[in-house]
Amino acid sequence: MQPRNMSMSGVVDLAAVKSAQEAKAKAEQARAEAARQGGGPGAVSPADLVIDVDEAGFERDVLQRSSEVPVVIDFWAEWCEPCKQLSPVLEQLVLEYNGRLLLAKIDVDANQMLMQQFGVQGIPAVFAVVAGQALPLFQGAAGKEQIQQTLDQLVQVAEERFGLTGLTVDPDAEAGAAPQPATVPVGPYDALLEAAVRALDAGDFGGAVQAYKNVLSDDPGNSEAKLGLAQAELLHRVQGLDPQRARQEAAENPGDAQAQIAAADLDLVGGHVEDAFGRLIDTVRRTAGDDRDAVRLRLLELFEVVGADDPRVSAARRALARALF
């Protein structure tokens, strides 16, 4: 089968989570911090860069990991001769990227649902998932040079558009070992976090946003500041909304992405978590292009507000995957 190039036409047009300059600056800062730590705590083994994935682990191993590293998906089967030629090339290349990519191998015979969700018509088929967004790369056996060019572009876009810096690889780490938490830089953050909480209590949501950003500028991994920023930004957004008018516009314009986003923000502030998630997932199904991506990104932001451990977030992630694929 000749390779059918599907590469990157979608990825270069994706709306960025942040501006390219900001994302690139954060990526460079994260790489510098990883280099300073010398591949210590938090590093993975090279063997952990190529993993087998099934339907049960797809959300954890692909969707969630795609927020920190682009995940390349290799759909294969034991009986597929071209797969036996392509898979070793993919594995070798991913290892050469030294943590900038993760390869997830999916056996289509054992995971028919995933094959259907991605719309795979024949194998081998190679996709990528970047920040929760599925991207078709190519189908059929392809040459190493062609594959490398596609992966180079994938890595570049993931860094510039999404600030994804990949994983720190330690050759001496044990394969399959659970990464240890990275060392948190020491800093006088208590006062800044308290200032953010005081600003929230006073209704100064803009001030709270800035206070949390001040913490994250020095300590990008501070989980308390990340959660607080997501909540403060949500409250800041709805502060200027007329709830009655916003809900009326959403009801009258079900295909209007911005109207549905505003209504979903109000839903979440009002404690209607499942309504907010359901509204945006339905809107993802009805929209396309930039509108669809704006809705998806807002949904990911609302996931941050609620928290990854909440079962409603897990259920919504699965529903979003079905809507996207």
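Which residue in β5 is the bridge partner of Val-71? In this predicted model, the bridge partner of Val-71 in β5 is Val-129, and the pairing to which these residues belong offers a way into the arrangement of the strands. The chain as a whole contains 13 helices and six strands, and 46% of its 325 residues count as buried. Among contacts in the chain between residues at least 6 apart in sequence, 74% join residues at least 24 apart.

The strands β3 and β5 run antiparallel and are joined by five bridges. On the other hand, β3 pairs with β4 in the parallel sense, over six bridges, and within this pairing Ile-73 has Ala-104 of β4 as its bridge partner. Together with α3, the strands β3 and β4 make a β-α-β unit, which is right-handed. Strand β4 also pairs with strand β2, which spans residues 50-52, in the parallel sense and over three bridges; here Val-50 is placed opposite Leu-103 of β4. As for its surroundings, β4 is mostly covered, with five of its six residues buried.

Strand β5 pairs with β6 as well, in the antiparallel sense and over six bridges, and in this pairing Ala-125 stands opposite Gln-139 of β6. The hairpin formed by β5 and β6 has two residues between the strands, and in this hairpin Ala-131 takes a positive phi near 50°. Because six of the six residues of β5 are buried, this strand is largely enclosed by the rest of the structure. From β5, the residues Ala-125, Phe-127 and Val-129 point one way, whereas Val-126, Ala-128 and Val-130 point the other way, and all of them are buried.

Several of these strands contribute to the largest nonpolar core, which comprises 54 residues and in which Phe-58, Ile-73, Phe-75, Phe-118, Leu-151 and Leu-154 touch the most other members. Two or more residues of this core are given by each of the strands β3 (71-76), β4 (102-107), β5 (125-130) and β6 (133-139), and likewise by each of the helices α2 (58-64), α3 (81-96), α4 (112-117) and α5 (144-162). Another core lies apart from it and has 26 residues, including Leu-234, Val-295, Leu-302 and Ala-316.

Among the helices, α11 (residues 273-286) has 14 residues and reaches 20 Å from its first C-alpha to its last, which is close to the 20 Å expected at 1.5 Å a residue. Its buried residues are Val-273, Ala-276, Phe-277, Leu-280, Ile-281, Thr-283 and Val-284. Seen down the axis of α11, these buried residues fall within an arc of 160°, so they line one face of the helix. The elements against which the buried residues of α11 pack are α10 (257-269), α12 (289-306) and α13 (311-324).

The loops around the strands hold further features of the backbone. Most residues other than glycine have a negative phi, and most peptide bonds are trans. Against this background, Asn-98 has a positive phi of about 55° although it is not a glycine. Asn-98 is located in the loop between α3 and β4, and, with a relative accessible area of 47%, Asn-98 is partly exposed. The peptide bond from Ile-123 to Pro-124 is cis, with omega near 0°, and Pro-124 is found in the loop between α4 and β5.

Two glutamates in loops that adjoin β3 were also examined. Glu-68 lies in the loop between α2 and β3 and is partly exposed, with a relative accessible area of 35%. When residues up to four places away in sequence are not counted, Glu-68 touches Leu-164, Thr-165, Gly-166 and Leu-167; the C-alpha atoms of Glu-68 and Gly-166 are separated by 5.8 Å, although these two residues are 98 residues apart along the chain. Glu-78, in turn, is placed in the loop between β3 and α3. Because exposure is assigned over 50% relative accessible area, Glu-78 counts as exposed at 55% relative accessibility. The C-alpha atom of Glu-78 is separated by 8.6 Å from that of Asp-109, and the two residues are 31 residues apart along the chain.

How values were computed:
Residues numbered from 1 in each chain as written. Predicted model: local features only at pLDDT ≥ 70, side-chain atom pairs only at ≥ 80, totals over all residues. Heavy atoms only, no water. Core = buried A, V, L, I, M, F, W, Y, C linked by side-chain atoms within 4.5 Å. Buried < 20%, exposed > 50% of the residue type's maximum accessible area, 1.4 Å probe, protein only. Helix = DSSP H or I, 4+ residues; strand = E, 2+ residues; numbered from the N terminus. Pairing = 2+ DSSP bridges. Right-handed = clockwise from strand over helix to strand, strands pointing away. Expected span 1.5 Å × (residues − 1). Arc of directions from axis to C-beta. Contact = heavy atoms within 4.5 Å.
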